[in-house]
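Work through the exercises below with the sequence and the 3D structure at hand. Each task is followed by a solution in steps.

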Amino acid sequence: MKRLSIAVGTVLVCLAFSVIALGQNAMGRATLSGTVQDTTGAVLPEVHLLVTNTATGVQTTSVTTGAGEYFIPDLVPGTYTIEATKSGFQTKRVENIQLNVDQQAKVDIQLAVGSTKQEVTVAGGSMPLLQTTDASVGTVVQSQEVTDLPLNGRFFTQLQELTAGSITGIHSNAFGSGGGNSSPITGGLERNLLPGYDMNGQSGAWTFFQLDGVENNEREFGGANIPISVDAIQEFKVQTSDFSAEYGRSMVQVDVVSKGGTNQIHGDVFYFVRNVAFDAAQWEYSGPHAKNDLK
């Protein structure tokens, strides 16, 4: 009896960790849902849907319910194509559907009567992705924006400045003078020397960071833990209000999704130019500028 209790307890613990792992894997991913109808507005059950990630070629399948609805979770942020097929109807293909981190997109599809060999292609850019299942408020920074923005020091936490309500942590109670750190070198910086930011009046020490769905917090002093390179970021999202209960623990959620492999070879090169000839004068000072002997 004792061995049976131990075995049952072990199974329950394994199941608990499996559920936690599944929950973490889903965070940071996108979901796609919608309704499939015919041209008269009647719902279509048993429509086969094929969702393809155009960058990696990874495919996900689904079938509509009796109410003509479909739901496809756990999609890596990126660009997708949906193909809907049903006997007696033309095949419908929707291209260039852009899914962002933590997005719950809704794409309704309409099929016309005809042969499955007939195909209708629609550009996803002309179809608005309805956001009817999520009331969260936040800011999404795409990969191209991360690449183009001039980040002084190339710290990923600096992307928080693009969100309304963000303020540098120089005077923060956690990282700055409010907490006793008035150092001109480390003031406003997190423990790992990443720039810290307060958000909507909340201390940056309480911002909850996630990297690819896994917690990425510095547990002792707060802030981010792993300083991921900006070149490795696919998407960056800050949520400040009405986000899903799966997050919790903080009023501000920062989700970072790293880049995945694709079918194309690519890479990045960067170069720091630190030359006083490019420096601008501080607005409160108009006198002569002292030149660093090492430059």
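The exercises go from the whole chain to single strands, residues and rings, and they rest on a predicted model.

**Exercise 1. The chain as a whole**

Task: State how many helices and strands the chain has, and what share of its residues is buried.

Solution. Begin with the secondary structure, which comes to two helices and 16 strands. Next take burial: of the 295 residues in the chain, 35% are buried. Then turn to the surface, where the chain exposes about 17,300 Å². Carbon and sulfur atoms supply 57% of that area. Finally look at the contacts with a separation of 6 or more: residues 24 or more positions apart account for 65% of them.

**Exercise 2. The partners of β16**

Task: Find which strands pair with β16 and in what sense they run.

Solution. Strand β16 covers residues 253-258. One partner is β13 (residues 208-211), which runs parallel to β16 and is joined to it by four bridges. In this pairing Phe209 stands opposite Val254. Another partner is β15 (residues 233-241), which pairs with β16 in the antiparallel sense over six bridges. Here Ile233 faces Ser258, and Gln239 faces Gln253. As a last step, consider burial: five of the six residues of β16 are buried, so this strand is largely enclosed by the rest of the structure.

**Exercise 3. The surroundings of β15**

Task: Name the strand that pairs with β15 over residues 137-142, and decide whether β15 is largely enclosed or open.

Solution. The strand at residues 137-142 is β10, and it pairs with β15 in the antiparallel sense over six bridges. Val141 stands opposite Phe236 of β15. Seven of the nine residues of β15 are buried, so β15 is largely enclosed by the rest of the structure. Now follow the chain into the loop between β15 and β16, where Phe243 is placed. Phe243 has a relative accessible area of 19%. The cut-off for buried is under 20%, and Phe243 is therefore buried. The C-alpha atoms of Phe243 and Asp102 are 9.8 Å apart in space, although the two residues are 141 apart in sequence.

**Exercise 4. Aromatic pairs**

Task: Count the aromatic pairs and work out which rings form a cluster.

Solution. The count comes to two aromatic pairs. In one of them, Phe156 and Phe209 meet edge-to-face, at 6.2 Å centre to centre with 80° between the planes. Phe156 belongs to the loop between α2 (143-148) and β11 (166-168), while Phe209 is in strand β13, 53 residues apart from Phe156. Phe156 also pairs edge-to-face with Phe236, at 6.4 Å centre to centre and 70° between the planes. Phe236 lies in strand β15, so this pair ties together parts that are 80 residues apart in sequence. Phe156 and Phe209 are both buried, and Phe236 is buried as well. Phe156, Phe209 and Phe236 thus appear as one aromatic cluster.

**Exercise 5. Two residues compared**

Task: Decide for Thr31 and for Phe278 whether each is buried or exposed.

Solution. Thr31 is found in strand β1 (residues 30-38). At 16% relative accessibility, Thr31 counts as buried. Leaving aside neighbours within four places in sequence, its contacts include Phe71, Pro73 and Gln104. Phe278 is placed in the segment after β16. With a relative accessible area of 65%, Phe278 is exposed. Together with Tyr271 and Val273, Phe278 makes a nonpolar surface patch of about 430 Å².

Terms used: Residues numbered from 1 in each chain as written. Predicted model: local features only at pLDDT ≥ 70, side-chain atom pairs only at ≥ 80, totals over all residues. Heavy atoms only, no water. Patch = residues over 30% accessible without salt bridge, like charges linked within 9 Å, V, L, I, M, F, W, Y side chains within 5 Å. Areas by Shrake-Rupley, 256 points an atom, 1.4 Å probe, with all protein chains shown as cover. Salt bridge = Lys/Arg side-chain N within 4 Å of Asp/Glu carboxyl O. Buried < 20%, exposed > 50% of the residue type's maximum accessible area, 1.4 Å probe, protein only. Pairing = 2+ DSSP bridges. Contact = heavy atoms within 4.5 Å. Phe/Tyr/Trp six-rings, centres within 6.5 Å; stacked < 30°, edge-to-face > 60°.
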